[in-house]
Amino acid sequence: MKQIKQNLTKWICLALVVQGSWYGKELKAQCAGTNLNVGFTYTVSRTCGFPRAITFTNTSTGAAAARTRYRYFINNQLKRTILGTSRVSSSLDTPGTYSLMLIGHDTVNNCFDTVTQSYTLSVSG
């Protein structure tokens, strides 16, 4: 029963994050003992037309970073799930402001960390 409750809590927390209701400080507190600090940079292709390629570079640090499962979101839509800090590519289909989010889940310590950034893509660049 305890394991079911832990898994249910984990997915409820993840659902809250995806809905944009739970960010930053509260999630970081869960990973305080593991030194997991989730972070990323990104580059967007400078081509004409759409879609534009976006590449995420995972800059997460801490002892748990290499064994953490990462979920990459664009506008709250899951784009990719990977284990470890590899680069991930996706696309931006139209001009507009995009919410970019990375959620790290340290499965050994069962804690989460997240970071969000926004990017505005215009027709000209």
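In the hairpin formed by β3 and β4, 2 residues lie between the strands, and Asn75 adopts a positive phi near 50°. Strands here are DSSP runs of E with at least two residues, numbered from the N terminus. The structure is a predicted model, in which local features need pLDDT of at least 70 and side-chain atom pairs count only at pLDDT 80 or more, while totals for chains, interfaces and linings use all residues. Residues are numbered from 1 along each chain as its sequence is written, and side-chain values use heavy atoms, with hydrogens and water left out.

The two arms of this hairpin, β3 and β4 (residues 77-83), run antiparallel and are joined by 6 bridges; two strands are taken to pair if DSSP finds at least two bridges between them. Within this ladder, Arg71 has Thr81 of β4 as its bridge partner. As a helpful reminder, strands of a sheet pair through backbone hydrogen bonds, in either a parallel or an antiparallel manner.

On the β6 side, β3 (residues 69-74) is again held by 6 bridges in an antiparallel arrangement. Two of the contacts can be followed residue by residue: Arg69 is partnered with His105 of β6, and Tyr70 with Gly104 of β6. Because 5 of its 6 residues are buried, β3 is largely enclosed by the rest of the structure; buried means under 20% relative accessible area, exposed over 50%, and partly exposed in between, with a 1.4 Å probe and protein chains only.

Strand β6 (residues 96-106) is mostly covered too, with 8 of its 11 residues buried. Besides β3, β6 pairs with β7 (residues 111-121), here through 11 bridges in the antiparallel sense. Tyr98 faces a tyrosine across this pairing, standing opposite Tyr119 in β7. β6 and β7 also make a hairpin, with 4 residues between them, and Asn110 in the turn has a positive phi of about 50°.

Attention now turns to another sheet. This open sheet has 3 strands in the order β1-β2-β5, paired antiparallel. Its edges are taken by β1 (40-44) and β5 (88-92), each with a single partner strand, so one side of each is left without a neighbour in the sheet. From one strand to the next, the twist averages 25°, where axes are lines fitted to C-alpha atoms (for helices, over the stretch in contact) and angles run from 0 to 180 degrees between N-to-C directions. The pairing of β1 with β2 (residues 52-58) is antiparallel and spans 5 bridges, and Val44 stands opposite Ile54 in β2.
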